[in-house]
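This report examines how a ligand is held by its protein and then turns to the backbone of the chain. The reader is invited to keep the sequence and the structure in view while following the text.

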Amino acid sequence: MYLLAIETSCDETAAAVLRDDSEVLSNIVLSQDEIHAPYGGVVPELASRQHLKSIDYIVRESLESAGIPLDKIDYFAVTQGPGLIGSLLVGLSFAKGLAYYFRKPLIGVDHVQAHIEAVFLEHKDIELPALALIVSGGHTSLYFMKKKLRYELVGRTRDDAAGEALDKIAKFLDLGYPGGPVIQKLGKKGNPQSFEFALPRMTDRSLDFSFSGLKTAALRIIKENGLTKSHPRLADFLASYENAVVRALVENLSRAADRSLPKSLILCGGVARNKRLRAAFKKAALSLGVKAFSPSPKLCTDNAAMVGALALEKIKTRAKLIFFPELDAYPRLS
Ligand code: KG4
Ligand code: ZN
């Protein structure tokens, strides 16, 4: 059995072919970074128009690279949301067209849950329950997974996502887009202790995140110290800011783990590519005495293999399958 998965929720046009044993036969991702870079962030209308231009080519490329013709595909899968509505509609309409023409089922998948499922593609031995931290440009959420396909939201950001907090400061300093990797590169040799950041604290017992305070503090430090792109203390500042974002994420994750006592910790989403975060995550898991899992960097950023993986899981467990043609897109966390 073969499945073709499509992902167009933000600024990556992606398609993947998977076999029923979750073997990824192809995983093609076309990033739109260059298109959005001049604006320092994703421009929704440009994103949807670009998906429209690329989707046919990317789907064909994924089939060719897998060596599977379109008429041999048994299931289609697509991201329903959350994401940019115009972008989602391109992938969803394309997938519906294919499912309609070939009279095959179409499985709608949640983008955030798919980010978590990415880790199971490479690690078959993850013990549940697990606590999953998903950190990307659009999302920062904590999920408790008692078993496969059961996601209990235990914390989410009340303002910016962690990736957004990095992207916005990079944009302010005119460092380029996406900001996360640029900050990692330019802050690599900096001293993470040189600028102090007070970490956000929720006044209630909530496990929610907040990054607006860190962002405001960063802007104040930039102003007070006259920091610019070419300032000699730029690396120190970026390392300190990155470190503060990482600490805010990992401290909250540890707090949540203390309460829910998971057997495994999962770190996923685009920001999970960050080296400082990966190191802090492993260290936290070690001191909590639980196993830590994270997808390889390629599977952290948006891709369609993760969408296919979640769809296969849904087919396997016969959880509520939503078939064509009722499928609709949704912009926010479901
Ligand atoms: O998951 P993703 O590809 O798209 C969304 O669903 O948002 O994540 C993109 C985010 C961007 O904010 C980008 O700056 C961040 O992931 N990112 C990183 C790194 N690579 C990507 N942040 C920190 N360090 C990195 N190495
Ligand atoms: Zn994503």
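In this predicted model, 19 residues surround ligand 1, and those that come nearest are G137, D167, G180, G270 and N274. Sorted by class, this shell consists of 12 polar, four nonpolar and three charged residues.

Which helices supply at least two residues each to the shell around ligand 1? They are α4, which spans 111–122, α5, which spans 162–172, and α6, which spans 179–186. The helix that gives the most is α6, with four residues. The shell also draws on two domains: at least three of its residues come from domain 1 (2–115 + 300–326), and at least three come from domain 2 (125–297).

Oxygen atoms of ligand 1 take part in polar contacts with the protein, including those in the following table.

| Residue | Polar atom of the residue | Distance to an oxygen atom of ligand 1 |
|---|---|---|
| G138 | backbone | 3.1 Å |
| D167 | side chain | 2.7 Å |
| G270 | backbone | 3.0 Å |

On its own, ligand 1 has 550 Å² of accessible area, and the protein covers 92% of this area. The place where ligand 1 sits is the largest pocket. D167, listed in the table for its side-chain contact, is also among the residues that come nearest to the ligand. The same holds for G270, whose contact is made through a backbone atom.

The backbone deserves separate attention. Most peptide bonds are trans, and most residues other than glycine have a negative phi. Where does the model contain cis peptide bonds? One runs from G81 to P82, with omega near -5 degrees. P82 belongs to the loop that connects β4 (75–81) with α3 (85–102). Another cis bond joins L128 and P129, and its omega is about 5 degrees. P129 is located in the loop between α4 and β6 (130–135).

Positive phi values also occur at residues that are not glycine. L149 has a positive phi of about 70 degrees, and this residue is found in the loop between β7 (140–145) and β8 (152–156). For D174, which is likewise not a glycine, phi is positive at about 60 degrees. D174 lies in the loop between α5 and α6, two helices that each supply at least two residues of the shell around ligand 1.

Technical notes
Residues numbered from 1 in each chain as written. Chains lettered and ligands numbered in written order. Predicted model: local features only at pLDDT ≥ 70, side-chain atom pairs only at ≥ 80, totals over all residues. Heavy atoms only, no water. Near = heavy atom within 4 Å. Polar contact = N/O pair within 3.5 Å; in protein donor to acceptor, adjacent residues only side chain to side chain. Areas by Shrake-Rupley, 256 points an atom, 1.4 Å probe, with all protein chains shown as cover. 1 Å grid on protein atoms, 1.4 Å probe; cavity = no way out; pocket = protein on both sides within 12 Å on 5 of 7 lines; lining within 4 Å. Sits in = over half its atoms within 2 Å of the grid points. Nonpolar A, V, L, I, M, F, W, Y, C, P; charged D, E, K, R; others polar. Domains from an automatic or database assignment.
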